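Okay, thanks for coming, everyone. I've got one structure to walk you through today, so let me put it up and we'll go from there.

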Amino acid sequence: MDLEVYQDIKRQVKRLLELDLNHYKDEQMRRRLDSWLVRSGSTDWKSYFERIRIDEKERNRFRDYLTINVSAFFRDPERWKTLAEMVLPRLLKEALQRGLAESGLRIWSAGCSIGAEAYSLAILLDELAPRRRHSILATDYDLGALNKARQGGPYTTEEIQNLTATQRSVYLQPGGPPYYVTSSLIKKVEFREHNLFADPFPKELDLIVCRNVVIYFTSAAKDQLYKAFRDALRPGGVLFVGATEIIPHPQTYGLRNAGISFYERV
Ligand SMILES: C[S@@+](CC[C@H](N)C(=O)[O-])C[C@H]1O[C@@H](n2cnc3c(N)ncnc32)[C@H](O)[C@@H]1O
């Protein structure tokens with residue numbers, strides 16, 4: 001696709017889906033758009049945009065496609081082990097020192113996709129500090145993924161493969177595949193639609209989990225997000241990023257490296 005066509009698609013996508021593709025890496029996005037047009041059965045973008053102007057379902061399908069949503073429970077188990085054994089115990093202790101015995105941690109799963117990440121957090125907190133009242137907010141811009149998250153499934157065998165046998169028996173409904181989490185786990189997470197480039201961020205967070213989301217974004221977009229994440233954390237709060245995501249010069253954002261995939265607000 002040539003640049004002019006891409007510029008026009010970006011304008012239409014912004015107008016119809018309220019999604020600014022300027023924040024996403026060009027080459028990857030153009031490839032994905034090309035293959036979507038072929039799959040959609042439309043001959044050109046003009047007729048496809050005319051179609052989605054009136055067809056809301058197709059419009060949502062297109063929006064969901066543009067925001068890639070692969071996920072799994074405890075994705076990259078080694079990093080989650082560090083979270084469970086080092087990061088969360090410290091955050092829980094600090095909450096106690098601040099006199100917050102009753103209230104638990106304030107956590108945000110940003111770009112939560114199908115909810116597996118947010119439910120992994122809920123499971124860990126239930127194992128580590130079950131009697132404290134934690135707040136887990138999980139957001140995404142993909143309505144299809146959010147819908148699945150709110151329903152607690154269905155999840156495939158691959159998506160739940162990192163759950164231990166005990167976790168499966170406690171937090172999954174009997175039966176499956178496909179699998180559903182229990183209603184008591186669903187109640188521990190608040191899911192909300194949220195566009196990282198358009199909507200306000202929560203504040204005073206102990207932990208932000210934003211994994212495998214910024215990899216699709218341009219450097220300028222990442223820069224904007226890291227600053228906003230820093231502002232959303234309380235001092236000492238932690239940003240947990242994806243296994244392949246490294247923040248260069250974290251000090252420029254008021255963050256410091258606190259182990260692989262973890263950054264602490266200074
Ligand atoms: C690959 S998934 C990552 C899911 C999960 N965090 C994990 O690591 O397993 C990326 C998610 O980012 C979301 N996303 C992409 N652009 C977004 C935006 N502008 N605002 C909010 N979420 C967005 C997608 O909808 C998708 O669910």
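Before I talk about domains, one bit of housekeeping: the domain bounds here come from an automatic or database domain assignment. And keep in mind that what you're looking at is a predicted model.

So, with that, the protein chain splits into domain 1, residues 3–66, and domain 2, residues 77–265. Their C-alpha centres sit 29 Å apart. Where they touch, domain 1 puts in 8 residues and domain 2 puts in 11. What's on the domain 1 side of that contact, by class? It's 1 nonpolar, 3 polar and 4 charged residues.

Let's zoom out for a second. The protein chain has 10 helices and 7 strands. Its radius of gyration is 19 Å, and the globule rule gives 18 Å for 266 residues; those are close, so the chain is as compact as a globular protein of that length. If you box up the C-alpha atoms along the principal axes, you get roughly 60 × 50 × 25 Å. Of the 266 residues, 35% are buried. And if you take contacts between residues at least 6 apart in sequence, 73% of them join residues at least 24 apart.

Right, the ligand. There are 22 residues around it, and the ones that come nearest are Thr 67, Ser 71, Gly 111, Ser 113 and Asp 142. Sorting that shell by class gives 8 nonpolar, 9 polar and 5 charged residues.

Now the inside. The largest nonpolar core has 57 residues, and the members touching the most other members are Ala 118, Tyr 119, Ala 122, Leu 207, Ile 208, Cys 210 and Leu 239. Which helix gives this core its largest share? That's helix 6, residues 116–128, with 7 residues. Let me pick out Leu 207 from that list. Skipping anything up to four places away in sequence, Leu 207 touches Leu 91, Leu 105, Ile 107, Gly 237, Val 238 and Phe 240.

Okay, backbone oddities, which is the part I wanted to get to. As a reminder, most peptide bonds are trans, and most residues other than glycine have a negative phi. This model has some exceptions to show you.

Start with Gly 153 and Pro 154: the peptide bond between them is cis, with omega at about 5°. Pro 154 is in the loop between helix 7, residues 143–151, and helix 8, residues 165–171, and Gly 153 is in the loop between helix 7 and helix 8 too. Is Gly 153 buried or exposed? The cut-off for buried is 20 or more other C-beta atoms within 10 Å, and Gly 153 has 22, so it counts as buried. Gly 115 is 38 residues away from Gly 153 in sequence, yet their C-alpha atoms are 8.3 Å apart. And leaving out neighbours within four places, Gly 153 is in contact with Lys 148, Pro 178, Tyr 179, Tyr 180 and Val 181.

Notice Pro 178 in that list, since there's another cis peptide bond there, joining Pro 177 and Pro 178, with omega at about 0°. Pro 178 is in the loop between helix 8 and helix 9, the latter being residues 183–186.

On to positive phi. Glu 18 has a phi near 55°, and it's not a glycine. You'll find Glu 18 in the loop between helix 1, residues 3–17, and helix 2, residues 26–40. It has 12 C-beta neighbours inside 10 Å, so Glu 18 counts as exposed. The other one I'd point at is Asp 76, also not a glycine, with a positive phi of about 65°. Asp 76 is in the loop between helix 4, residues 56–66, and helix 5, residues 77–97. With 17 other C-beta atoms within 10 Å, Asp 76 is partly exposed.

Last stop: Leu 19, in the loop between helix 1 and helix 2. Leu 19 has 20 C-beta neighbours inside 10 Å, so it counts as buried. What does Leu 19 touch, once you set aside residues up to four places away? Val 13, Lys 14, Arg 63 and Leu 66. And for a long reach along the chain, take Leu 19 and Phe 197: they're 178 residues apart, with their C-alpha atoms separated by 8.4 Å.

That's my tour. Happy to rotate the view if anyone wants another look.

Note on methods: Residues are numbered from 1 along each chain as its sequence is written. This is a predicted model: local features need pLDDT of at least 70, side-chain atom pairs count only at pLDDT 80 or more; totals for chains, interfaces and linings use all residues. A residue is near a molecule or strand if its C-beta atom, placed from the backbone, lies within 6 Å of it. Ala, Val, Leu, Ile, Met, Phe, Trp, Tyr, Cys and Pro count as nonpolar, Asp, Glu, Lys and Arg as charged, and the others, Gly among them, as polar. A nonpolar core is a set of buried Ala, Val, Leu, Ile, Met, Phe, Trp, Tyr and Cys residues joined through C-beta atoms within 7 Å. Helices (H or I, at least four residues) and strands (E, at least two) are DSSP runs, numbered from the N terminus. Two residues are in contact if their C-beta atoms, placed from the backbone, lie within 7 Å. The radius of gyration is taken over C-alpha atoms; the globule rule is 2.2 Å times the number of residues to the power 0.38.
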